Structure formats: structure tokens, C-alpha cells
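Student: I would like to go through a structure by question and answer. Can we keep it brisk?

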Amino acid sequence: MKIIGKLLLALALLALATGAMAGTLEKVQQSGELVLGVSEGVAGFSAPDSNGKWAGFDVDMGHAVAAAVLKNADAIKFVPLASKQKIVAVSSGQVDLSRGTTWTMKRDCKQGVDFTVVLFYDGQGLMVKKSLGVTKATELDGASVAVVSGTTSELNVADFARANNIKLETVVFESKKEAFNAYVAGRTDAFTTDVSQLASLRAGAANPGEHIILPETFSKEPLSPFVRHGDQQWKDLVTWVLFGLIEAEEKGITQANVLDMKAKSQDPAVQRLLGATGDVGSFVGLDNDWLVRAIQAVGNYGEMYDRSFGPKTALNIPRGHNNLWTKGGLIYAMPIR
Amino acid sequence: MQAFRLKEQLVPILTQTLVVGAILYVALLLFQNTQANLEARNIASGFGFLSVESGMPINDSLLAYAPADTYGRAFLVGIVNTLFVSALSIVLATALGVLVGVARVSANWLVARLAAVYVELFRNIPLLLTLFFCYSTLLAFLPAPRQSLSPLAGVFINNRGVFAPRPHWLDGMGWVVLALGLAAIGAVLLARRSKRLRDETGRGLPAGWISLGLIAGLPTLAYFLAGRPIDFDVPTLHGFNFKGGMVLRPEFTALLTGLVLYTAAFIGENVRSGIQSVDKGQLDAAKALGLRPGSIMRKVILPQTLRVCIPATTNDYTSLVKNSSLAVAIGYPDMVSIGGTIIGQNDQAIEVIGLWMAVYLTINLVLSLGMNWCNAKVRLVER
């Protein structure tokens, strides 16, 4: 049961030595593997593929960090964590890095974790059956909604109802699958979670065509990988590996041409990025090929996105906010220099 | 001699004090360590969050509750829901369990076999699967709101629940309540009188029937005399669903059904073993006295089974209370479900887990205490 998992986490926190923890970078390099917190299976983000290998956007993020730090993109130990567990798992040091989750003030300031870079701008939305004839969320007055517990979904949907003066009956489930099944079985009129996950579940439904995702989103869900609070070196490292992947897309560096670009590019920014000149790798305690390895492992940000969410995937989520700032999106890397 | 005995007692007392002291010391260390760890990681701790507005919706509550209420209130709603579903399940599971236990030892081959199949089926399937089965069966068989079944006027059954008219008390309802109270007192007096008559003369009054007449008749009479002081709020289909009236949601129904079916299988076995523990001579003696089979079971056998049943059934009751936490799986807002939401919004897992443990511990200790008291009452008294 999940309750037992939570208890174990709490116990882990109880049993920790009071002394300061060793640096995560040192720990990862010594053990030779990165402990990555993933979901319990959300298609597109992190889920085991048909061969039982973890795949998805967050998994690629982990591969990039492992490649930069350990020179081996596959040196990862995957720890599936329920929504409720992920924060404590990171703050207690059980995992070194966690899949993206919503960056909120309380989590950042009061929950013992630090966020790195927003890799996916998400928002909570509603899915209904086409046959219901609803086109806007505000038309759902009096409807019932299936919600998954363990996140802020209940709070957001209640706030939305209060703000728009409509009544929504929520039925809260522990697991996403049960909530979605109840919605499909007709127990509720609608189903709510983050839009990316709605798309993920719809792709796996018996008849994807019968469900529509309503246009409104009623929360900001900036999903950012996060690390333990108080380990500045490790936080910097993860942050700049991720910025590097974004910068690579902006500069047109891809998985295929990265070595070529390193050898031939005349752009000083590209030269610094790929370690042809300068020593930015040492800023985060790594060698100068850190980003070359990361890009060789997973490609640039855009390639990572397309592999998990692009038009060729079942999810097919348009880039939208997740496009580069130069193309009207919000994805923006701080200058690497 | 006295001094020697004191010395003999002193050593165990000292060692025991030492052991208790050591345990307390370790507990204190753990507590301080946790506090220091939480502080070092800048993690919020303490129970201050209980007085903060929760913002979370709860669809099934026995108490008045709105998202603007506090986390403390929300958690209380969860506790009440847990208590309610547990208490109702205990009553129903006991009733069903006794029936099953009696059926298990029935002379009727078919009845005994059916009871055996029931027990083996539910005892050997994980409760979680039983719950999923109950819930998905309910959802699969019940129609959508627009195609509701309506077995009685004003009652609607669909996959959102069973909707029934909610009675509103108007002025004059006090008389009906008064009549009901009087009828109840009358029934108690009557039962005493009947018992005394039976002890003295061997023939009692038909107290059961007279009491039933009193309890049904007096309030009904008062109801009409007071001018029918009940108004009904009838549910009506409005938009997506029915509005008004009372509702029994499928989550609650499925949880109750699952818990009752599962626990009754265990209680049935307790009752069976209890019945089989009663000496056969008791049965023969009762037959020789000319009691009818029903009376033998009710007045001779079952009272004697309690000695064997109660300790085992106490375990089943406490398991039931703990099992009610599986409600989270099928969407019933029990204490664990609501606590889980609080953790999701707040991430103060340690505090909420502590509250869960404290509440379950309290419920089950009180339950055990009550059952131990019952056990002491039915113990064989040596004369």
C-alpha cells in the first residue's frame, strides 16, 4: 500500500543523521549511478516501455544529467514515486533528482527542495465526453468531476468553481487509473488533471475520439525537476545541464550534429557551450565535454520534446507555451558564459 | 523475611525501569533528531496548518462543510466518515455473519453448502479486489442520470447514487418525537412486566407484538393529529444530475458492501466455531424441554456461543476499522483520503500520518475496551 510507502519515507527522515549530508555530486560520482525519482507510469513523462525500460521526457532529462556527470547516460537507478512521496523522497535524500513537478512557493521555501528549470509549462484542464455537448468549462455547473488526490488538483478545481460561481461535485480517487475509469464508466461527467496527462490518458483510452479536452486551463503548473534544498553545487549543475539543452535547440545543435558543431562552429556561444573554448564545465565541477555528452545522449530540448510529445507520438501535444521564446513560447535559457 | 522479599522484587523493578527509560530515551532522540532534520531542511512542521483554510472540496460529508473551512474541519469530516462507515459496517457485518454462521451448521444441505461457498469465496479474495468489484459492478449496472430507475415515486437510482426525498421537520414534529419516546418507555415497561409474569406463572405476554404496535402506532397517530408536520424535499433532475433530497453515493455503497461481505465471512466462522463449541447435551436438554428449533438457537445456543465468538470478533472489528482506509481506492472521502489530500496540498506528511495513527489507535482501543467489557459480561461465572 502507498500508506506504507509514506510511512517508510517518514521513517527514513526520522532516522537520518543530524549531521550535514555529503554533497550529492560526490555521492553520485562515488556510487556511479544517479538515483532518479520517476512517476509510477505516466505515458510521455516517465513510464516503462514494452521492453520494461523507462522512457519519456523526464527519463531523458535524467539521461542527460547522468551523461554529463557520469559519462554514462544509462547509469540511472529509477525509483517510482507516487505524487505524495516525491517531495519527501528528495528532501530526505532518498533520490538525487526528481521528475518535474509543479514549482510552488511553499514547496520551494518550506518543503526542503529546490527547483531547477521549468521544462514543461502545464496547466490543469478538464476532459469531457463529446456526447455531453459541453464546449466550455463554465457550462459544467452541477456536474461531477473525477479528481486524483495527492496533488493540488482538488484545490484548483474548487477554486475554479468558487471563482466562477458554479457548483462542481468532486469524487477523489487515490490512483489516476481509477479516477479515469470512473469517468469513462459515467460516474462523473468530467475528469480533471494536468492537460499533458489528460492527453496521455486519452491516448490510452479505448476510444480516444469520444473525449475532448476543454480549452480552459485553471492553474499554472510549471513542471520543473527538483533537488534537495541546501546542496547549491548539485542544484547549479542540474540547472545548467538543462539550460544547456535549451540553448542547444536555440543554436541548432542536435544529437546528430553535436560533434560536427563542436569542431566547426564559429559562433563563440556555441564554442563555449560545447567546450571548444572556455571552461564553463568547471563552473559546475565537471569537465568541458559535459554538454556534448548530454546532447549526444538525448539531443536538444526540442528533440527531447518531440520524442515524447511530438506529432508522431500518441500524445501529440502541440508545443504551445513549451516552444522557444524566439518562436513565441516561454522556453528560455539563461546565457551560458 | 520481609526484607528478603523486598530485595527479590527490587531487581526486576529496577531492570524494568531501566528498559522503559531506555525506550523513552530512544524515542526522545528520534523526536529531537526529526525536529532538527526538518529545521535543517527548512521544512514546515507542527500542527498550525489545521487552522488554515483548506480550499478542498469534499463531496460526501455528514457535517456541514465547505472549501472555505479549515484543514482541521476537513480532517474531522474524514474522521466522522470513517467512524460512520465503520460503525454501520460492524452492525451489518455482525447481522450477516450470525446468519452465515448459523447457516454453516444448518441441517439443510443446500443452505450449509451455500454458506460454506460464501465464506470461502470472500475470506480468500483480497478486500481491495472485492471493493473494486463492488464499485465497478455498481457503475456498470446503474444507468446514467437521464435514464434513472425510479422504483418508488420520488426515489431515483442511477450511477450517481440513490436519490430519495429528504424529510423536513415542521412545527408539531415535537409531538411525534414525544409519542415515539413514550412508546419506547412503554415497550421497556412491558418487556419487564412480561418477564416477571413469565418467571412467576410460566406464561409471558406477547410483548413483542404489543411493543411493535405501540412504537408504530403512537407516533403515527401523533403525526396525523399534529397535522402531518413533515415536508419532503424531492430530488429533481436538473442539468447534469439530480438536485435536492438525500443521496447515497455509489462510493459509500460499494465500500459498505465490500466491508460487510468481507468481514461477515470471518464473523460467520467465529459464530460457527462458537455454535460447535456448545456441548451437544445442551441441545438435547433443550429438545427434551420441548423448545422449538428456532427458540433453541436463539435462547439456548447463541447466548452460549458469545464466550467463544467475542474475542475473535473483536479482532475482526478492529480489522474492519483499519480496512475502511481502502476507501481511498474507490473514491470515498474517509480520513485517509482527506488526509492524503492535505498532504498533497501541504506536504506535511509526518503530521498527517501521526494524526491517522492516533485516530485509528483511539478508535480501536475504545472498540477493544468495549468488546472486553462485553466479554467479561458473558464469561462463565463460577458459582
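What follows is a set of questions and answers on this predicted model.

Student: Which helix of chain A has the lowest confidence?
Tutor: Chain A averages a pLDDT of 89. Of its residues, 93% score at least 70. Confidence in chain A is highest in helix α3 (residues 57-70), at 97. At a mean of 53, it is lowest in helix α1 (residues 2-15) of chain A.

Student: How many helices and strands are there in chain A?
Tutor: Both kinds of element are present in chain A. The count is 14 helices and 13 strands.

Student: Why does the radius of gyration of chain A agree with a compact globule?
Tutor: The C-alpha atoms of chain A fill a box of roughly 60 × 50 × 40 Å along the principal axes. For 337 residues, a compact globule would have a radius of gyration near 20 Å. Chain A agrees with that, because its radius of gyration is 21 Å.

Student: What share of the residues in chain A is buried?
Tutor: Take the contacts in chain A between residues at least 6 apart in sequence. Of these, 72% join residues at least 24 apart. Buried residues, out of the 337 in chain A, make up 52%.

Student: Which helix gives the most to the largest nonpolar core?
Tutor: The largest nonpolar core has 159 residues. Among those with the most contacts inside it are Ala64(A), Val65(A), Ala68(A) and Leu255(B). With 14 residues, the element that gives the most to this core is helix α7 (residues 250-277) of chain B.

Student: How many residues are in the second, separate core?
Tutor: This core includes Phe156(B), Phe163(B), Phe242(B) and Val247(B). Its full count is five residues.

Student: Which residues is Ala68(A) in contact with, leaving aside neighbours within four places in sequence?
Tutor: Ala68(A) is one of the residues with the most contacts inside the largest core. So is Val241(A), by the contacts inside that core, and Ala68(A) touches Val241(A). The full list is Val241(A), Leu286(A), Trp290(A), Leu291(A), Arg293(A) and Ala294(A).Student: Which element gives the most to the side of chain A that touches chain B?
Tutor: The contact takes 45 residues from chain A and 43 residues from chain B. Elements giving two or more residues on the chain A side include α4 (83-91), α5 (105-110) and α6 (153-163). That side divides into 17 nonpolar, 15 polar and 13 charged residues. With seven residues, the element that gives the most is α1(A).

Student: What distance separates the centres of domain 1 and domain 2 of chain A?
Tutor: Domain 1 of chain A covers 2-121 + 222-327, and domain 2 covers 124-219. Their contact takes twelve residues from domain 1 and ten residues from domain 2. On the domain 1 side, the residues divide into seven nonpolar, three polar and two charged. Taken over C-alpha atoms, the centres are separated by 29 Å.

Student: How far apart are the centres of domain 1 and domain 2 of chain B?
Tutor: In chain B, domain 1 is 2-43 and domain 2 is 71-125 + 259-378. Their C-alpha centres lie apart by 37 Å.

Student: Is Asn181(A) buried, exposed or partly exposed?
Tutor: Asn181(A) lies in helix α7 of chain A. Its C-alpha atom is 29 Å from that of Asp60(A), 121 residues away along the chain. A residue counts as buried with 20 or more other C-beta atoms within 10 Å, and as exposed with 12 or fewer. Asn181(A) has 18, and therefore it is partly exposed.

Key: Residues numbered from 1 in each chain as written. Chains lettered and ligands numbered in written order. Predicted model: local features only at pLDDT ≥ 70, side-chain atom pairs only at ≥ 80, totals over all residues. pLDDT = per-residue confidence, 0-100. Helix = DSSP H or I, 4+ residues; strand = E, 2+ residues; numbered from the N terminus. Rg over C-alpha atoms; globule rule 2.2 N^0.38 Å. Contact = placed C-beta atoms within 7 Å. Core = buried A, V, L, I, M, F, W, Y, C linked by C-beta atoms within 7 Å. Nonpolar A, V, L, I, M, F, W, Y, C, P; charged D, E, K, R; others polar. Domains from an automatic or database assignment.
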